Amino acid sequence: MNIVPHDHAFGRDQAIDAAFQPLDAPTDWDAVIRDAAQINPEALIAELRAGEPYAVNELNVLKTWRLNTKIRIAHRYRRGLPQHDKHTCASCGVRASVPTITREWRVGQCLHCEEMPMLFPAERMDRGPLFVAWDSASGTWGLAWQRGGVGDRDKTAAVVVIGFGSYWDAYASLIAPMRFATIYSRACPPGTSVDAGALTPAGELFQQTLPLTPERWVAFCREQMKKATPEGVEPYDWEIRQACDSFFGKSQD
Ligand SMILES: [Zn+2]
């Protein structure tokens with residue numbers, strides 16, 4: 001048996017890799033709906049009940065949502081109810097939306113797009129001034145930066161990354177720093193957790209030749225993740241530095 005050394009760099013590299021990976025492969029919901037007649041909802045309900053009570057964590061959120069969705073698809077099939085709505089999904093603009101997902105989406109959403117955020121979970125959703133945007137110049141999905149200030153001179157806006165293949169590829173890249181902060185901070189002693197905002201520093205980002213390709217963005221993020229998590233950091237170091245910076249008005253972003 002080989003013993004793997006679990007040092008700081010090893011753990012950090014694992015957290016960096018995990019930040020860019022989905023929890024699991026996306027479900028082929030078109031195939032599930034196509035084979036709805038084969039689903040045994042009673043067996044799935046028994047499977048769902050067998051796991052109760054569920055601890056609240058991202059794996060269980062995904063598992064219970066998937067089981068509930070399959071049970072619902074099976075029951076709609078048995079009752080002859082439609083599996084698709086007349087609207088196109090508001091997120092991807094490609095697939096047909098699902099009739100039951102209307103609580104937050106006026107025109108509905110498809111199952112693929114409802115599942116995706118569960119595959120890229122982050123407890124800390126402090127995405128700051130970055131957001132997913134369609135770049136009409138290149139005809140691709142990208143990440144944009146917009147920050148409003150008190151006066152016009154404090155406002156910044158830029159297209160930061162272009163060239164993603166889909167909305168969800170861009171989303172996964174947007175969320176990666178927040179996922180890293182979530183995953184890495186779980187293993188940290190109290191007070192030494194990393195702050196997601198420190199992972200996309202405006203100063204260093206705007207020194208790059210923008211817009212970046214998706215590959216350059218990943219490389220930039222990986223570099224920042226390493227820089228923001230040195231070994232042997234002092235407890236509350238980040239909060240103290242932030243408080244000092246804002247007190248002396250030196251905060252860059
Ligand atoms: Zn969709």
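What pLDDT does the protein average, and what share of the residues score at least 70? The model shown above is a predicted one, and its pLDDT averages 87 over the protein, with 90% of the residues scoring at least 70. Confidence can also be followed element by element: helix α3, residues 41-50, has the highest mean pLDDT among the elements, at 97, whereas helix α9, residues 237-247, has the lowest, at 73.

With that in mind, the overall layout can be described. The protein has nine helices and three strands, and reading along the sequence gives the pattern α-α-α-α-α-β-β-β-α-α-α-α, while the C-alpha trace spans about 65 × 55 × 35 Å along its principal axes.

Among the helices, α4 and α5 offer a packing that can be followed in detail. The axes of α4, residues 58-78, and α5, residues 111-119, come within 10 Å of each other and cross at roughly 165°. Because an angle over 145 degrees counts as roughly antiparallel, α4 is described as roughly antiparallel to α5. The crossing in which α4 passes α5 is left-handed. On the α4 side the contact is made by V61, L62, W65, R66, T69, R72 and I73, and these meet L111, E114, E115, M118 and L119 of α5. Sorted by class, the residues in this contact of α4 with α5 are seven nonpolar, one polar and four charged.

The strands come next. Strands of a sheet pair through backbone hydrogen bonds, and they may do so in a parallel or an antiparallel sense. Here the three strands form an open sheet with the order β1-β2-β3, and the pairing is antiparallel. Strands β1 (130-135) and β3 (156-164) stand at the edges with a single partner strand each, so one side of each of them has no neighbour in the sheet. From one strand to the next, the twist averages 30°.

The register of the sheet can be traced through its bridges. Six bridges pair β1 with β2, residues 140-147, in the antiparallel sense, and within this pairing A133 stands opposite G142 in β2, while V132 has L143 in β2 as its bridge partner. On the other side of the pairing scheme, β2 and β3 run antiparallel and are joined by seven bridges; L143 has V161 as its bridge partner in β3. L143 can therefore be followed across the sheet, because it is the bridge partner of V132 and also of V161, in a sheet where β1 and β3 are the edge strands. The connection from β1 to β2 is a hairpin with four residues between the strands, and G139 in its turn has a positive phi of about 70°.

Which helix lies across these strands? Helix α8, residues 214-227, lies across β1, β2 and β3, and runs at about 115° to β3.

Two cis peptide bonds deserve attention from a reader who inspects backbone torsions. One is the bond from E52 to P53, with omega near -5°, and P53 is found in the loop between α3 and α4; that loop thus leads from the element with the highest mean pLDDT to the helix whose contact with α5 was described above. Another joins L210 and P211, with omega about -5°, and P211 has its place in the loop between α7 (202-205) and α8, the helix that lies across the three strands.

Note on methods:
Residues numbered from 1 in each chain as written. Predicted model: local features only at pLDDT ≥ 70, side-chain atom pairs only at ≥ 80, totals over all residues. Heavy atoms only, no water. Axes fitted to C-alpha atoms, helices over the stretch in contact; angles between N-to-C directions. Helix = DSSP H or I, 4+ residues; strand = E, 2+ residues; numbered from the N terminus. Parallel < 35°, antiparallel > 145°, perpendicular 65-115°, else oblique. Left-handed = near helix turned anticlockwise from the far one by under 90°. Contact = heavy atoms within 4.5 Å. Nonpolar A, V, L, I, M, F, W, Y, C, P; charged D, E, K, R; others polar. Pairing = 2+ DSSP bridges. pLDDT = per-residue confidence, 0-100.
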